[in-house]
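Here are a few exercises to work through with the model open in your viewer. Try each task before reading its solution.

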Amino acid sequence: MEFFVQNVSSILFFPLWVAVVIFIGKITSLLKSYKTIFGITLLATIWGLISSILVFAKTITNMGYVFEDTFSFISINNLNFELGCYVDLVSAFMLLVIFAVTLFVQIYSYFYMKNDESFPRFFALMNLFTFSMCGLVLAPTLFQTYVFWELVGVTSYLLIGFWYKKISAANAAKKAFIMNRIGDFCLLAGIILSSVLIYNYSGSADLIDIPYSGIDRVAAYLFTYTSEPVFIANCILLLFGSIAKSAQFPLHTWLADAMEGPTPVSALIHSATMVAAGVFLINRLYPIYYQSHFVMNFILVIGLITAIICAFFAITCRDIKRILAYSTSSQLGIMFIALGTGALTGSMIYLASHAFIKSMLFLIAGIVMIAYSGSTSIDDFGGLRKKMPILAGCYLIGAFALAGVLFSGFSAKALIFHHLFETHSYITISFLILISFMTAFYIFRLYFVVFEGKSEKNITNLPKLILVPVSCLALIVLVIGLFFPNMGKFNNDILPLVFEVIAVALAFVLYIKVTNLKKLPLLYNLSFNRLYIDNLYDFLARKLYSKLALLANFIDDYLYDGMVGLVVFITRLKSYINSKMQTGVIQSYFAYSFLILALILTGFCLIYSLIAYWVEV
């Protein structure tokens with residue numbers, strides 16, 4: 001195991017090398033075989049999975065074990081910024097989740113994308129994304145985290161807009177990119193502010209790049225030597241990076257639109273890895289946030305708002321992938337709730353559980369879409385349980401787990417509820433029960449409509465092997481709860497379980513037994529139109545931002561360009577005058593000299609007169 005820890009950088013660079021090979025092979029037309037591209041991708045991922053398993057085994061059997069290997073990247077006087085790898089229990093845990101999910105998604109992707117002419121570009125970008133995500137997780141400093149944070153953002157932009165000729169996909173990619181840039185700008189501002197404050201207060205350059213090995217010292221310096229408003233502002237700037245990346249309120253709207261990308265992209269980066277990066281970063285910087293009750297409550301409130309409103313949106317959504325996207329934001333909100341209340345272990349275990357559950361559900365959604373010729377509307381689906389019993393069984397496993405009724409979802413959510421009951425956070429418990437109720441309702445609404453409903457449409461035959469990764473993920477969801485700590489020792493999980501079962505029963509009654517379902521107009525419209533938040537952003541972008549853009553254009557054209565034009569005009573005028581003065585006649589030079597001296601003398605006399613006048617006054 002020590003060998004794999006010492007060479008952990010290999011799992012970082014193998015995907016990068018594969019991406020480069022695919023790009024070069026595509027450009028030079030030397031690598032045309034889709035099977036070869038898939039094969040080398042799979043080899044890199046399997047190596048990463050084996051290594052991450054052994055690295056995780058090393059950290060879990062040696063509690064407190066840390067491995068760090070860095071080198072100097074930038075040195076400016078006494079300032080030194082480092083890159084490298086930092087392995088502890090959290091990073092090893094994240095690596096295991098990333099490679100386990102990635103392996104099954106890549107197997108699924110081969111069958112999903114094999115008829116697409118851009119197959120090589122897709123797998124090259126998938127490998128590049130894996131490299132970026134591993135670099136983020138293994139980062140020893142916040143400086144390196146930000147570098148790979150941006151790489152994750154760029155690769156996700158390219159994957160969301162993979163079908164860039166499709167207008168909706170191109171617009172979705174731009175929306176995701178812009179909204180994430182808002183968070184990234186705040187994160188960068190927070191990093192710079194933190195570095196400046198630490199350098200000023202410590203007088204040492206050791207912590208300038210905010211190393212995670214010294215994060216406790218960083219937290220102590222920031223909290224001790226800064227005023228409370230400055231400390232809180234700094235923390236909120238850092239948090240907005242996580243808020244944007246994890247699609248939390250108010251920057252949550254991009255994730256649903258990002259479903260325009262290929263389904264494997266949704267399964268990988270928008271349920272298991274990219275959006276989980278925000279939760280991971282909060283975990284890394286937790287010693288800083290934990291210093292302030294206000295900051296912890298801020299994380300809690302953001303998580304509560306996001307979890308409630310996104311679950312509310314999913315209840316009436318008609319697009320199968322968007323339902324799962326809103327569910328992702330909602331479940332990430334639960335992780336924020338756990339972090340805000342101090343349930344650090346519960347949040348990370350719930351992250352792993354959710355990653356496997358949601359990636360499986362997205363893969364199932366992709367199969368359903370293929371079966372119905374690419375349709376995403378649940379109105380077109382129905383009766384799939386009889387036609388695809390294995391798929392229906394896998395979905396049921398995922399639905400029960402996501403609802404928190406059974407399997408890994410129940411175990412992970414029980415950890416969070418246990419912590420909340422221990423800390424007597426009864427208001428938070430009430431909201432979390434409401435969120436769990438809505439989650440169980442919308443996820444089983446989807447099941448009853450898609451797998452138990454009626455549909456007269458014929459479905460497309462699918463390759464049997466495409467069910468293999470889905471079945472493997474379902475098996476993981478079934479057994480993963482057995483490995484969580486303290487399972488079966490909770491006494492307070494019966495209350496949320498009762499409400500979750502009621503929600504399942506309500507979904508059954510409303511979508512199976514009731515033929516004419518009546519809607520509550522006000523609530524339905526608010527949910528279906530997503531509280532009109534997208535409309536508000538659209539108004540701000542089209543009305544307010546467009547006016548600001550016109551003003552900026554006017555300033556650029558007439559102020560800045562005008563100043564440049566004025567300088568050019570004066571320079572040309574001066575050159576023209578000088579050219580006319582160069583006559584070669586000495587009498588002319590004497591005349592010009594006397595004229596200039598007369599002008600200077602006249603100017604001095606005028607200035608003297610003005611000064612004398614103001615003195616007398």
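What percentage of the 617 residues of the chain count as buried? Buried means under 20% relative accessible area, exposed over 50%, and partly exposed in between, with a 1.4 Å probe and protein chains only. By that cut-off, 52% of the 617 residues are buried.

A word on the ground rules: this is a predicted model, where local features need pLDDT of at least 70 and side-chain atom pairs count only at pLDDT 80 or more, while totals for chains, interfaces and linings use all residues. Residues are numbered from 1 along each chain as its sequence is written, and side-chain values use heavy atoms, with hydrogens and water left out.

**Exercise 1. Describe the chain as a whole.**

Step 1: go through the secondary structure. There are 25 helices and two strands; helices (H or I, at least four residues) and strands (E, at least two) are DSSP runs, numbered from the N terminus.

Step 2: get the dimensions. The C-alpha trace spans about 110 × 60 × 55 Å along its principal axes.

Step 3: look at contacts, meaning heavy atoms within 4.5 Å. Of those with a separation of 6 or more, 79% join residues 24 or more positions apart.

Step 4: turn to the surface. About 28,300 Å² is exposed, and carbon and sulfur atoms supply 69% of that; the areas come from the Shrake-Rupley method with a 1.4 Å probe, and for residues only the protein chains shown count as cover.

**Exercise 2. Work out how α18 and α21 pack.**

Step 1: know what to look for. Two packed helices are described by the angle between their axes and the distance between the axes.

Step 2: read off both values. Helix α18 (residues 389–403) meets helix α21 (residues 467–479) at about 35 degrees, and the axes are 10 Å apart. Here axes are lines fitted to C-alpha atoms, for helices over the stretch in contact, and angles run from 0 to 180 degrees between N-to-C directions.

Step 3: list the residues. From α18 come Ile390, Leu391, Cys394, Ile397 and Ala401, and from α21 come Leu467, Val470, Ser471, Ala474, Val477 and Leu478.

Step 4: zoom in on Leu467. Leaving aside residues up to four places away in sequence, Leu467 touches Ile367, Ile390 and Leu391.

**Exercise 3. Find the unusual backbone geometry.**

Step 1: check the loop between α9 (228–245) and α10 (254–257), where Pro250 lies. The Phe249 to Pro250 peptide bond is cis, with omega near 5 degrees.

Step 2: stay in that loop for Ala247. Ala247 isn't a glycine, yet its phi is positive, about 55 degrees. Ala247 counts as buried because its relative accessible area is 0%.

Step 3: move to Ser29, in the loop between α2 (9–28) and α3 (34–61). Ser29 also isn't glycine, and its phi is near 60 degrees. With 43% relative accessible area, Ser29 is partly exposed.

**Exercise 4. Place Asp184 and Phe539.**

Step 1: start with Asp184, in helix α7 (residues 167–202). Its relative accessible area is 1%, so Asp184 is buried.

Step 2: name the neighbours. Asp184 touches Tyr146, Trp149, Glu150 and Lys245, again not counting residues up to four places away in sequence.

Step 3: go to Phe539, in helix α24 (residues 533–581). Phe539 is partly exposed because its relative accessibility is 48%.
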